[in-house]
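Work through the exercises below with the sequence and the coordinates open. Each task is followed by a solution in steps.

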Amino acid sequence: MGKTSVLLVGFLFSFLVAMVQAGDKYKKYNDPSLPINKRIGDLMRRMSLDEKIGQMVQIDRKVATPEVMRDYKIGSILSGGGSVPHLQATPQEWLNMVNGFQNGSLSTRLGIPMIYGIDAVHGHNNVYKATIFPHNIGLGATRDPELVKRIGSATAREVRATGINYVFAPCIAVCRDPRWGRCFESYSEDPDIVKEMTEIINGLQGEIPKNSRKGVPYVGGREKVVACAKHFVGDGGTTRGINENNTVIDKHGLLSIHMPGYNAAVIKGVGTVMVSYSSWNGVKMHANHDLVTNFLKGSLRFRGFVISDWQAIDRMTYPVHANYTYSVLTSIQAGLDMIMVPYNYTEFIDTLTGLVKNKFIPMSRIDDAVRRILRVKFQLGLFENPLSDESFIDQLGHQAHRDLAREAVRKSLVLLKNGENADEPMLPLPKKSSKILVAGSHADDLGNQCGGWTINWQGGSGNNLTSGTTILKGIAEAVDPSTEIVYEENPEFDYVKSNNFSYGIVVVGEPPYAETNGDNLNLTIPLQGQYTLYNVCANIKCVVVLISGRPLVIMPHLEQVDALVAAWLPGTEGQGVADVLFGDYGFSGKLPRTWFKTAEQLPMNVGDLNYDPLYPFGYGLTTQPLNATS
Ligand code: GLC
């Protein structure tokens, strides 16, 4: 056969292959009129091992390109904490970035769209100018699941504004020891409150239809996102609150304290569950087949996908000194479906491929993982609308969301002390006074009042992180114009003494932190805050507003303090604090966790035998709004 004929045959063959491939994209799995299970079955039959394993891989955007998405058939991308296109990137820039990666995925043989995940754990917190809501501990203090559901809806819209469709929230940890650096991510020490607050899933994903089968993931509409219940299971029960460590508790305790939130989340159709770095009685959760497969996927009938935590496979040490191959083997066999790699994806792909080809991992396990991943993607409507548009671009930081966040701040405040006796309450404060001193490291610092997981993974102090209203600004806007506000971050004793202030508002607390960086065995107010508190409160009547991710040691200062407010980590809408301090709204918050006397008492939770708190779980004084009709 002459050279020309060979070329012609080659061209015709390539043309035919291209037609078949193109035809693939218009086959059953792309037909939205078909039941999702039919579409999954059709697509699975077409997929090669490479394409299946690719779906199980999640990489960080830092190592993603359209070409990597195409060539490795990667199923998902994430933004780890602080992983942004660039500082102060706009929604349009986020959206363009996500669509750019998506086009890489759509150019694969089967055109399976990728899903993009991000930690939107108190609003869309990685993104400049997003509304930052109170962290979960403050939401637990509100005892208001309907409010939390509205926060979920608002967060979903802000996430969609940036073209993203998947969030690693809610954290439904039941923090049992405030020495744990992630305690602020937990709604409460009480499993019933955590269970109630899974209502946020209905906000994030949409309300699951009443007749839905238990465990099937549900996402209702383009203004909704896929949620993630985390970290499965028992992360909040680690010994002495040591992060990523060992939770020692019997099965009854695990199921009655740490599991109820997951059952509630599964009933609400949560799309994904993230496994905890921690261990249960010495067994790494990422290697725990009985809990991940038999219990979560079996008993609870969870039908979404199970995702690992960040580099969790690399961090597995069970059994001691296990190698990477063994970690991949045990985690996939345990029931993990998608692996948040997030960087060494070629090593992961090669390792898993080898384990399957050498029959260490059966194809049925891979098929179960891919089926679950595809189920979530089909339910999300990703095949019909893989590219994000600008429909929600105006939702980021929307005033309506900021108003909602301000409402949440108000309802999250817990009044622990109000004057020396009920007959002489200090709060609400008069709006008309001659001169008020506002002091403390957290009074005029947006980053401090937002806490960790804000713009950066660890958050950060200062007022240039993002936009919002500091507590000081809220106070200045709340008082009568004739009232003089003097702000001194760290006033000296004699300064306070020598100025005739009507009273002082001291706003102090913890610096921002996240995860292990927040592990803390003594839980005292940082020294500068203690000095400021003393310098002010030893001289004039004072209300202390504590900004913290958990209860702190306050007993030594209590006598000097006339009024004490736990404000937790309120987020960008600091006006909510002034709203209640000055009586536009009453105090209603209740402690979501026990307030200890000393850290030596810990762990100490409601229901314990030797329960001897300073303020018990559920404690909170109330005040009436000034304009309340009697
Ligand atoms: C982190 C956290 C997890 C988060 C994930 C992605 O290490 O443990 O809560 O969702 O990595 O940022």
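**Exercise 1. Domains**

Which domains does the domain assignment of the chain give?

Solution. The model is a predicted one. Its domain assignment gives domain 1 (117-360) and domain 2 (400-601). Next, take the separation: the C-alpha centres of domain 1 and domain 2 are 31 Å apart. Then take the contacts: 48 residues of domain 1 touch 44 residues of domain 2.

**Exercise 2. The parallel sheet**

Give the strand order of the open sheet of 5 strands, and identify its edges.

Solution. The order is S4-S3-S2-S1-S11, with parallel pairing. Strand S4 (166-167) and strand S11 (339-340) are the edge strands, each pairing on one side only. At the S4 end, strand S3 (residues 115-118) is joined to S4 by 2 bridges, and the two run parallel. Within this pair, Ile118 of the chain has Val167 in S4 as its bridge partner.

**Exercise 3. The mixed sheet**

Describe the open sheet of 6 strands: its order, edges, twist and the helix packed on it.

Solution.
- Order: S12-S17-S16-S15-S13-S14, and the pairing is mixed.
- Edges: strand S12 (414-418) and strand S14 (484-488) each pair on one side only.
- Twist: the average is 15 degrees from one strand to the next.
- Helix: H18 (residues 471-478) packs on the sheet and touches strand S13 (435-439), S14, S15 and S16. The direction of H18 makes about 165 degrees with that of S14.

Now look at one pair inside the sheet. Strand S15 (residues 503-509) and strand S16 (residues 542-547) are paired in the parallel sense over 6 bridges. Two of the positions can be named: Val508 has Leu546 as its bridge partner in S16, and Gly509 stands opposite Ile547 in S16.

**Exercise 4. The two sides of S16**

Which residues of S16 point one way, and which the other way?

Solution. In a regular strand, side chains alternate between the two faces of the sheet. Cys542, Val544 and Leu546 point one way from S16, while Val543, Val545 and Ile547 point the other way. As for burial, 6 of the 6 residues of S16 are buried.

**Exercise 5. The nonpolar cores**

How many residues has the largest nonpolar core, and which have the most contacts inside it?

Solution. The largest core has 192 residues, and Ile505, Leu581 and Phe582 have the most contacts inside it. Helix H15 (residues 363-380) supplies the largest share of this core, 8 residues. Domain 1 (117-360) and domain 2 (400-601) each contribute at least three residues to this core. Apart from this core lies another, of 5 residues, including Cys171, Ala173, Trp180 and Cys183.

To see the surroundings of one central residue, set aside residues up to four places away in sequence: Leu581 then touches Leu427, Pro428, Leu429, Ile505, Val543, Val545, Val565 and Phe587.

**Exercise 6. Asp367**

Is Asp367 buried or exposed?

Solution. First, place the residue: Asp367 lies in helix H15. Second, apply the cut-off: Asp367 counts as buried because its relative accessible area is 16%, and buried means under 20%. Third, list the contacts: leaving aside neighbours within four places in sequence, Asp367 is in contact with Met44 and Lys52.

**Exercise 7. An annotated span**

Which residues does the UniProt annotation "domain: Glycoside hydrolase family 3 C-terminal" cover?

Solution. According to the unreviewed UniProt entry, this annotation covers residues 413-622. In the model, the end C-alpha atoms of residues 413-622 lie 10 Å apart. The span is 18% helix and 16% strand.

How values were computed:
Residues are numbered from 1 along each chain as its sequence is written. This is a predicted model: local features need pLDDT of at least 70, side-chain atom pairs count only at pLDDT 80 or more; totals for chains, interfaces and linings use all residues. Side-chain values use heavy atoms; hydrogens and water are left out. Two strands pair if DSSP finds at least two bridges between them. Helices (H or I, at least four residues) and strands (E, at least two) are DSSP runs, numbered from the N terminus. A nonpolar core is a set of buried Ala, Val, Leu, Ile, Met, Phe, Trp, Tyr and Cys residues joined through side-chain atoms within 4.5 Å. Buried means under 20% relative accessible area, exposed over 50%, partly exposed in between (1.4 Å probe, protein chains only). Domain bounds come from an automatic or database domain assignment. Contact means heavy atoms within 4.5 Å. UniProt positions are given in the numbering used here, feature names are shortened, and annotations may be inferred rather than shown by experiment. Axes are lines fitted to C-alpha atoms, for helices over the stretch in contact, and angles run from 0 to 180 degrees between N-to-C directions.
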